[in-house]
Amino acid sequence: MKAFLILEDGTVFTGTSIGSTREVISEIVFNTSMTGYLEVLTDPSYAGQAVVMTYPLIGNYGICYEDMESFKPWPQGFLVRELSRIPSNFRSRDTIQHFLEAYDIPGISGIDTRALTKILREKGTMNGMITTDEGFNCDEVIDRMKKYSVAGVVKATTCRESHVLPGEGKKVALLDLGAKKNIARSLQERGCQVTVYPAYTKAEEILSSNPDGIMLSNGPGDPKECEEIIEEIKKLYQSDVPIFAICLGHQLMALATGADTHKLKYGHRGGNHPVKDLETGRVYISSQNHGYVVDMDTVDPAVAEAAFINVNDGTNEGLKYRGKNVFTVQYHPEACPGPQDSGYLFDRFLKMMEVDDHAQKS
């Protein structure tokens, strides 16, 4: 069956329908990862978006359910150049097309993803429609697309109730803003007991459990939409409990301390983004998935300083807060998919909690 991607600039791509045949309007973004398509599909940060995979062959190792980063896929659409119809992997339990059908996600294969990505890079991220209706009215569709915006996605992706993941070491409170599983897993691997809290949990409830540290997770959408959460993060910041924040959490901490954020032209999404540690001068290859960034011109130097920058475009990739046990990064040290270069940041968080615990006892 034919399927069409219509962009709000009027460009139309024609391919073959994969997955669900329902019609959807979404923000169209691209990811440059060569592998890890299941982790991309199950990353809550893609809620409200349709993902274009720039690597030309997708699906060759099938679906390995153990690798899912949340309980379901979140993108509203999935766009590939060539879909591998016969996966080959001893761990595979399904195919992408069946996976997309099961979760009612429309997709298209056979489109020129190189041309599509060039449009998104040159003109910026834009909305689009995926449809199997060959009789679509382009003008009417474009009018509908321009009214679409990604909204309410943190509330949609966060957990509904707090829950505890066992560990014998430090007690970490993880505020779930749309968290990937590997954040909690990375903490558990280091012995931590992790209590996961819904995004709109009051700061008083989190602090009443006397955590050794607090993690603010990744998540989807415009950080400025999260006004209620920002107010609670202000209280967490004032508590002096060590805090480590990733991606959306990094942006919300910046907003909570008086800085501003803005939307990037086409975002950073992939497993090959170089970031530079300004303290050591060392460059790491990182996994990233974000469309917004902290505006360093608005960061009060008395409050925080840049800790990491993106080598490609010079945008901020992390902040170190002055006089506080708080550090934040824009990229994903838990990866999945992506390189493991930045896993040491979890060890840094652990040391920060140990130092804070020693200081309190002394």
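How many disulfides does a search of the whole structure find? Let's work through that and a few other exercises. This is a predicted model, in which local features need pLDDT of at least 70, side-chain atom pairs count only at pLDDT 80 or more, and totals for chains, interfaces and linings use all residues. Residues are numbered from 1 along each chain as its sequence is written, and side-chain values use heavy atoms, with hydrogens and water left out.

**Exercise 1. Settle the disulfide count, then check Cys192 and Cys226.**

Step 1: Start with the cut-off, which asks for a pair of cysteine sulfur atoms within 2.5 Å. The search comes back with zero disulfides.

Step 2: Look at Cys192. Its nearest cysteine sulfur belongs to Cys336 and sits 17 Å away, and Cys192 is in no disulfide. Cys192 is also buried, at 1% relative accessibility. (Buried is under 20% relative accessible area, exposed is over 50%, and partly exposed is in between, using a 1.4 Å probe and protein chains only.)

Step 3: Do likewise for Cys226. Here the nearest cysteine sulfur is that of Cys247, 12 Å away, and again Cys226 is in no disulfide. Cys226 is buried too, at 3% relative accessibility.

**Exercise 2. Take apart the largest nonpolar core.**

Step 1: Pin down the term. A nonpolar core is a set of buried Ala, Val, Leu, Ile, Met, Phe, Trp, Tyr and Cys residues joined through side-chain atoms within 4.5 Å.

Step 2: Get the size and the hubs. The largest one has 33 residues, and those with the most contacts inside it include Ile214, Leu252 and Tyr321.

Step 3: Ask who supplies it. Among the elements giving at least two residues each are β11 (171–176), α8 (227–238), α9 (248–256) and β18 (316–321). The largest share, six residues, comes from α9. (Helices are DSSP runs of H or I with at least four residues, strands are runs of E with at least two, and both are numbered from the N terminus.)

Step 4: Zoom in on Ile214. Leaving out residues up to four places away in sequence, Ile214 touches several others, including Ala173, Leu236, Phe244 and Phe349. (Contact is heavy atoms within 4.5 Å.)

Step 5: Don't miss the other core. Apart from the largest one lies a core of 26 residues, among them Ile183, Val275, Tyr284 and Met353.

**Exercise 3. Track down salt bridges that link distant parts of the chain.**

Step 1: Apply the cut-off: a side-chain nitrogen of Lys or Arg within 4 Å of a carboxyl oxygen of Asp or Glu. The whole structure gives 19 salt bridges.

Step 2: Try Arg144 and Glu23, whose closest N and O atoms are 3.5 Å apart. Arg144 is in helix α4 (residues 138–146) and Glu23 is in the loop between β2 (12–19) and β3, so this pair ties together parts 121 residues apart in sequence. Arg144 is partly exposed at 34%, and Glu23 is partly exposed at 37%.

Step 3: Move to Arg185 and Glu69, with closest N and O atoms 3.7 Å apart. Arg185 is in helix α6 (residues 181–188) and Glu69 is in the loop between β5 (57–58) and β6 (77–79), 116 residues apart. Arg185 is partly exposed, with a relative accessible area of 30%, whereas Glu69 is buried at 1%.

Step 4: Finish with Arg348 and Asp277, at 3.8 Å between the closest N and O atoms. This pair links helix α10 (residues 344–361) to strand β15 (residues 260–277).
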